[in-house]
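These are my notes from going through one model, element by element. I wrote down what I looked up and what came back.

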Amino acid sequence: MSTETPESATSPPTQPPSVPSRRTFIATTSAVGGVVAASGLVAGPSLLGVEEAAAADASPSSRVSLTVNGERHTVTVDNRTSLLDLLREHLDLTGSKKGCNAGACGACTVLVDGRRVNSCLTLAVRLDGAEVTTIEGLASGERLHPLQQAFIDQDAFQCGYCTPGQIMSGVGCMQEGRTGSPEEIRESMSGNICRCGCYVKIVRAVEQATGRK
């Protein structure tokens, strides 16, 4: 009796699975990625934008009250707000100029409790209860401050951009008693830069305002 298995009953030989080519794999992957993106499943960037917006809205803020040019103001500001931005953006006092915004040019000089400060480097939230004087607060009605008038008389400006800071710094020097000589005036106002080069006339204006010229 034959023990051979009929040819029709034998299992077909097992074929190894076909391996896709590199080109087929890349094409398939790209197609699937496009479908996922089109269906809106990839939401990483949009979610990131929402998170950033929420973080910006959650920036800590504080309420600060200060007297500016004799008038009391109470405002709520971001804790990172500088005195310069408070004056310009919140109180609409744009006489103080934003030059370098790094404390190097002096264009933003104002007086805080009688002392000169670079308002771009001074945090507004640290000035609760302070008295601030800007270029807008120097004149008495129609009567200019003596140093403002001296700047006009001595023609101590050209473009005028640095002039508010120069005048406020000069007033500070006068209040500090640091105007005894041209050399002392130049030294005490060395933090104020005039790109037009009007330093000689600026010194003469301070001398005139102090009665030395």
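Before placing any residue, I note that helices and strands here are DSSP runs, a helix having at least four residues and a strand at least two, numbered from the N terminus. I also keep in mind that this is a predicted model.

I began with His 73, which I found in strand S2, spanning residues 71–78. I then asked whether His 73 is buried or exposed. With a relative accessible area of 18%, His 73 counts as buried, because the cut-off for that word is under 20%. Leaving aside residues up to four places away in sequence, I listed Val 64, Ser 65, Leu 66, Val 68 and Leu 91 as the residues that His 73 touches.

From that list I followed Leu 66, which belongs to strand S1, residues 61–68, and which is buried at a relative accessible area of 0%. With the same exclusion of residues up to four places away in sequence, Leu 66 touches Glu 71, Arg 72, His 73, Leu 83, Leu 86, Leu 127, Gly 129, Ala 130 and Val 132. I looked up one of these pairs separately: Leu 66 and Leu 127 are 61 residues apart in sequence, yet their C-alpha atoms lie 6.8 Å apart in space.

Next I checked the pairing of S3 and S4, which run antiparallel and are joined by four bridges. Val 112 stands opposite Arg 115 in S4, and the hairpin leaves two residues between the strands, where Asp 113 takes a positive phi near 55°.

I then turned to helix H5, residues 163–176, and tested its length: at 1.5 Å a residue its 14 residues should span 20 Å, and the end C-alpha atoms are indeed 20 Å apart, so the two agree. H5 is mostly covered, with 11 of its 14 residues buried, including Thr 163, Ile 167, Met 168, Val 171 and Cys 173. What do the buried residues of H5 pack against? I found strands S3 (109–112), S4 (115–118) and S5 (131–133), together with helices H4 (146–153), H6 (182–188) and H7 (199–209). After H5 comes Gly 177, whose phi is positive, near 70°.

Last, I looked at the loop between H4 and H5, where Phe 157 lies. Phe 157 is partly exposed, with a relative accessible area of 31%, and it forms a nonpolar surface patch with Leu 144 and Ile 152, the three having about 240 Å² of accessible area together.

Conventions. Residues are numbered from 1 along each chain as its sequence is written. This is a predicted model: local features need pLDDT of at least 70, side-chain atom pairs count only at pLDDT 80 or more; totals for chains, interfaces and linings use all residues. Side-chain values use heavy atoms; hydrogens and water are left out. The expected span of a helix is 1.5 Å times one less than its number of residues. Buried means under 20% relative accessible area, exposed over 50%, partly exposed in between (1.4 Å probe, protein chains only). Contact means heavy atoms within 4.5 Å. Two strands pair if DSSP finds at least two bridges between them. Patches are made of residues with over 30% relative accessible area and no salt bridge: like charges are joined within 9 Å, nonpolar side chains (Val, Leu, Ile, Met, Phe, Trp, Tyr) within 5 Å. Accessible areas come from the Shrake-Rupley method with a 1.4 Å probe; for residues, only the protein chains shown count as cover. A salt bridge is a side-chain nitrogen of Lys or Arg within 4 Å of a carboxyl oxygen of Asp or Glu.
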